[in-house]
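Visitor: I want the reasoning behind the labels, not just the labels. Can you take me through it?

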Amino acid sequence: MGREIVIGLVGKPSSGKSTTLNALTDANAKIGAFPFTTIDPNKATGYLEVDCACKRFGLEASCKPTYGYCKHGKRGVPIMLLDVAGLVPNAHLGRGLGNKFLSDLTEADCLIHIVDVSGTTDSEGKATRGYDPLQDIEWLQDEIFRWILGNLKERWGSVVRKHVGTKSTTLETLRAQLGGYYANKNLIAKCLDDIPNLPALQHWDEEMIETVVRSFMKHKFPTVLAMNKMDHPDSDKNVSKIILRYPDSKCVLTSSITEILLRKLAAQKYIKYEPGTEFVDTKDDLPDEDLKPLDDKLRNRIENIRDLVLYRFGSTGTVQLLQTATELLQLIPVYTVRNIHNYTGASGSEVFRNCLLVKKGTPVISVARKVMGDVTIAAIETVGGVRVGEEDTVDVNKNDILSFRIVPGSHN
Ligand SMILES: Nc1nc2c(ncn2[C@@H]2O[C@H](COP(=O)(O)OP(=O)(O)OP(=O)(O)O)[C@@H](O)[C@H]2O)c(=O)[nH]1
Ligand SMILES: [Mg+2]
């Protein structure tokens with residue numbers, strides 16, 4: 001199997017990264033109202049909710065994913081989340097917990113920047129009031145930029161010598177230099193294509209190296225902004241400011257702590273709650289349901305959550321966060337089946353067992369390689385047993401249900 005998609009949660013200390021991780025997964029990462037609660041990265045599986053392919057064929061009842069879940073045609077596709085230590089200004093020079101935590105990010109395919117929009121923590125995560133979170137967006141991007149730039153410039157002299165000596169192409173040399181960030185050739189080609197009149201690598205000046213690193217960052221770490229702590233009264237005005245300043249960025253309003261609380265209350269059977277929605281029902285609303293009665297304190301708390309978060313923003317935002325990240329990455333769920341006529345797997349009558357997230361535009365042969373490894377593919381088919389050309393690409397509802405026929409005995 002190919003590498004999974006990894007989403008990195010970044011932000012200054014105390015912005016709510018671990019809280020968000022716990023809200024999106026079953027993880028139980030430590031949460032604390034003090035900076036650097038997290039030191040070693042926490043990894044956990046979240047679930048991206050999509051409309052499952054089984055729904056298109058009315059096969060919901062026999063849909064049993066090998067990984068994740070499918071409930072009435074809503075499928076949770078596993079996606080890996082990474083919660084790292086907080087970054088502070090000048091982390092790339094080793095401040096705070098420094099470079100190690102930047103390095104933990106290398107395997108991320110995109111980032112969710114958890115911004116504390118309540119203004120109750122300063123740039124180092126210490127408690128304060130009235131801090132302007134607009135600044136955090138700028139310096140955090142800049143830290144990541146300086147870290148990549150520093151790594152590249154450190155070796156630049158020898159990179160250029162080798163480049164000239166081996167008569168490599170710019171793409172080959174950069175690939176070798178930036179491969180450590182899990183960047184493939186396609187990604188690096190795209191960031192070079194974005195730069196008009198790119199000179200040969202040995203002629204790059206300081207400014208050109210910076211331009212290339214910026215372009216690399218854009219492709220390697222596309223970022224969603226999570227405006228977290230939306231439940232706080234000061235958050236509104238800060239969010240408006242951020243959206244005005246960054247109109248093109250992908251923003252999601254979140255209250256991760258509310259999501260955790262609602263999930264806890266649902267598990268304890270005080271409420272019925274559908275994550276991703278504004279719907280919370282209590283025994284008062286549904287007297288016939290098997291729910292525990294509320295005391296006044298809990299009733300008040302739920303009223304507050306409705307008023308401050310659910311009715312104002314439509315949800316706690318955490319489910320939308322993953323959806324926005326996958327939109328940004330243009331990921332499409334692709335179902336691979338053994339039998340293209342009834343969608344079953346290697347055995348049994350269960351359908352659509354396997355699903356992986358693939359970037360839109362990926363040739364189907366790359367999907368085959370990811371799933372089947374190094375075997376000789378005899379044919380690739382989609383719905384109705386229709387043959388698909390190797391270089392045909394995956395798109396929304398197109399070539400997203402695939403079956404691979406291999407040449408017998410070609411397994412290594
Ligand atoms: N009001 C409010 N507080 C929140 C929210 N999310 C997190 N917090 C609080 O923010 C504090 C920090 O949360 P953490 O999740 O530990 O923050 P972190 O970003 O992981 O911090 P470090 O690990 O230190 O980098 C805790 O006191 C949380 O309860 C939220 O949505 N609303
Ligand atoms: Mg943490």
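Guide: Start with a definition. A strand here is a DSSP run of E of at least two residues, a helix is a run of H or I of at least four, and both are numbered from the N terminus. The model is predicted. Asparagine 399 lies in the loop between β13 and β14.

Visitor: Why is asparagine 399 called buried?

Guide: Count its neighbours. Asparagine 399 has 22 other C-beta atoms within 10 Å. The cut-off for buried is 20 or more, so asparagine 399 qualifies.

Visitor: What makes its phi worth a mention?

Guide: The sign. Most residues other than glycine have a negative phi. The phi of asparagine 399 is near 55°, which is positive.

Visitor: Which value does lysine 229 have for phi?

Guide: Near 75°, again a positive value in a residue other than glycine. Lysine 229 sits in the loop between β6 (223-228) and α8 (235-245).

Visitor: Is lysine 229 buried or exposed?

Guide: Buried. It has 28 other C-beta atoms within 10 Å, and 20 or more is what the label asks for.

Visitor: What makes alanine 200 exposed, then?

Guide: Alanine 200 has 10 other C-beta atoms within 10 Å. Exposed means 12 or fewer, so the label follows. Alanine 200 is in the loop between α6 (185-193) and α7 (206-220). Lysine 283 is 83 residues away from alanine 200 in sequence, and their C-alpha atoms are 69 Å apart.

Visitor: How do you know that strand β1 is largely enclosed?

Guide: Four of the five residues of β1 (residues 6-10) are buried, so the rest of the structure largely encloses this strand.

Visitor: Which strands does β1 pair with, and why is that called pairing?

Guide: Pairing requires at least two DSSP bridges. β1 has four bridges to β4 (residues 74-83), running parallel. β1 also has four bridges to β5 (residues 110-116), likewise parallel. So both contacts pass the cut-off of two. Glycine 8 bridges to leucine 82 in β4. Leucine 9 bridges to isoleucine 112 in β5.

Visitor: What makes β11 and β13 edge strands?

Guide: Look at the order first. Five strands form an open sheet, β11-β10-β14-β12-β13, with mixed pairing. β11 and β13 (386-387) each have a single partner strand, so one side of each has no neighbour in the sheet.

Visitor: How do you know that the pairing is mixed?

Guide: Take the strands beside β10. β10 and β11 are antiparallel, over six bridges. β10 and β14 are parallel, over two bridges. Two bridges just meet the cut-off of at least two. Threonine 336 is the bridge partner of asparagine 354 in β11, and valine 334 stands opposite leucine 356 there. Tyrosine 335 bridges to isoleucine 401 in β14.

Visitor: What makes you say that both faces of β10 are covered?

Guide: Side chains alternate between the two faces of the sheet in a regular strand. On one side of β10, Leu331, Pro333 and Tyr335 are buried. On the other, Ile332, Val334 and Thr336 are buried. With six of six residues buried, β10 is largely enclosed.

Visitor: How do you know that the buried residues of α12 share a side?

Guide: Those residues are Val364, Val367 and Ala368. They cover an arc of only 100° around the axis, which puts them on the same side of α12. Residues three or four places apart in an α-helix point the same way, because it has 3.6 residues a turn. The cover over the buried residues of α12 includes β10 (331-336), β11 (354-359), β12 (377-382) and β14 (401-406).

Visitor: What follows α12?

Guide: Glycine 373, with a positive phi near 75°.

Visitor: Now the ligand. What makes a residue part of the shell around ligand 1?

Guide: A C-beta atom within 6 Å of the ligand. Ligand 1 is surrounded by 25 residues, and Gly16, Ser18, Thr19, Thr38 and Gly86 are the closest. α1 gives the most, with three residues.

Visitor: How many residues of each class are in that shell?

Guide: 15 are polar, seven nonpolar and three charged. Gly counts as polar here.

Definitions and conventions. Residues numbered from 1 in each chain as written. Chains lettered and ligands numbered in written order. Predicted model: local features only at pLDDT ≥ 70, side-chain atom pairs only at ≥ 80, totals over all residues. Arc of directions from axis to C-beta. Contact = placed C-beta atoms within 7 Å.
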